[in-house]
Amino acid sequence: MGLKEIRTQIKSIQSTKKITKAMEMVAASKMRRATERMQASRPYAHKMREVVSHMAKGHLEYKHPYTLERDNVKRVGYIIISTDRGLCGGLNTNLFKKAFQEIADWKEQGVEVDIAVYGGKALNAFKRYGVVAEATGLGDKPELADMIGPIKVMLDAYDEGKIDRLIMVENEFVNNMTQTPRSTQLVPIKSEELEELDYHWDYLYEPDSKEVIDALMQRYIESLIYQGVVENVACEMSSRMIAMKSATDNAGSMIDKLQLVYNKARQAAITQEISEIVAGAAAVE
Amino acid sequence: MAMTMHLNVVSAEEELFSGTVEEVFAPGTMGDLGIIPRHAQLVTTLKAGELRYVTNGHMASLFVSGGIMEVQPHVVTVLADTAIRADDLDEKAAEDAMERAEAALEGKDPEDLNYEALQAELEAAKAQIQMIHNIGKTLGRH
């Protein structure tokens, strides 16, 4: 490689390094906000779970379909939550691997799968399976209002008996460095997910138990999915931060190596020139 | 001292209020409700409106766009919606989500998932990019 080539390459790597460094810092600050949002959404889901637990344990004439397990599973619904943008390491790939695996397992048992997705990456990956509903471009600050569509589609399908189970696949935010794909069964609600209560009572319901429980169950599922989406944003940001950090580090070591090659090449050129001059002078004498 | 109870107002996106109150007035779907401590356990749906509460003898209020209120003798929890909800609005959102999915699916043939083929394509694309880079460098050398 010529000197000039090396120099241009160093320059181009330097500008790449600047970009990855900037992306790393942006992701770090966005991650902080995303984890805050994740925390902020917890009291709601927690409180919901408490109320739902009370109801499930109460003596009610009306049992909501979401609390009843169906024996014969013919079709399952999947809600897959991914990012909209790339450059976040293996986050989506690992998630999709898990989802593909689970879908393949269902198909082996002769069970059909319906898919709803959040995020452009999942939409592209699962197109070939047929996607029944999607919501993309939710941004870094997802709002529940934008998520209602696919949830409604899936819950309606469950109510009509088109699907017998609803499962959500998203990334779990373990800590800043670790995110793991996780799949959770949303409907029917597993009784072990509900809280153990030492005491229970029967509520007064207004307007009546059915309407209140229907509204509550719908919101409970929505809150779980909202949490999933928010958690996935936190995962996206931390994963991007890590990916960009290692890209920056790699760029740095690459620059060092190239600099060494450049210096050696320059020294070789100088040495050669000197020996040529010396040889030329000797020839003239 | 007046008897008090705890009021929590939370939405899926954030906590809106948490504190000790003497009285709560909520816009229930069946009519407005006034709650004072030691109320019987009650769950009700709320419609959009003003949620008022008395804390330290002062009246304060919050706007809720609907939701659910759970009352226990000494704890009142309002699970507020983040947006106005109605069946037809939800229906519209569901239809939109399905239409978008259909439109997205029509964009490309649902071909069989073939990792090897995709990988090969990716490698080919990478090689092309590399080649273009090299040509660019050669041209820019003079």
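What follows is an exchange about a predicted model, concerning the strands of chain A and the place where chain A touches chain B.

Reader: What makes strand 6 of chain A and strand 5 of chain B count as paired?

Author: Because two strands pair if at least two bridges are found between them, the three bridges that join strand 6 (residues 204-206) of chain A to strand 5 of chain B meet the condition, and these strands run parallel. One of the positions involved is Leu204(A), whose bridge partner in strand 5 of chain B is Leu42(B).

Reader: How do you know which residues of chain B belong to the side that touches chain A?

Author: Contact requires C-beta atoms, placed from the backbone, to lie within 7 Å, and by that criterion 38 residues of chain B are in contact with 42 residues of chain A. Helix 1 of chain B gives the most to this side, with ten residues, and the residues of the side divide into 18 nonpolar, nine polar and eleven charged.

Reader: Why are strand 3 and strand 5 of chain A called edge strands of the sheet?

Author: The open sheet of five strands in chain A has the order 3-2-1-4-5, with mixed pairing; strand 3 (131-135) and strand 5 (179-187) each have a single partner strand, so one side of each is left without a neighbour in the sheet. The twist averages 20° from one strand to the next.

Reader: What makes strand 2 and strand 3 of chain A a parallel pair?

Author: Strand 2 (residues 112-118) and strand 3 of chain A pair in the parallel sense over four bridges, where at least two are needed, and Val117(A) stands opposite Glu134(A) in strand 3 of chain A.

Key: Residues numbered from 1 in each chain as written. Chains lettered and ligands numbered in written order. Predicted model: local features only at pLDDT ≥ 70, side-chain atom pairs only at ≥ 80, totals over all residues. Contact = placed C-beta atoms within 7 Å. Helix = DSSP H or I, 4+ residues; strand = E, 2+ residues; numbered from the N terminus. Nonpolar A, V, L, I, M, F, W, Y, C, P; charged D, E, K, R; others polar. Axes fitted to C-alpha atoms, helices over the stretch in contact; angles between N-to-C directions.
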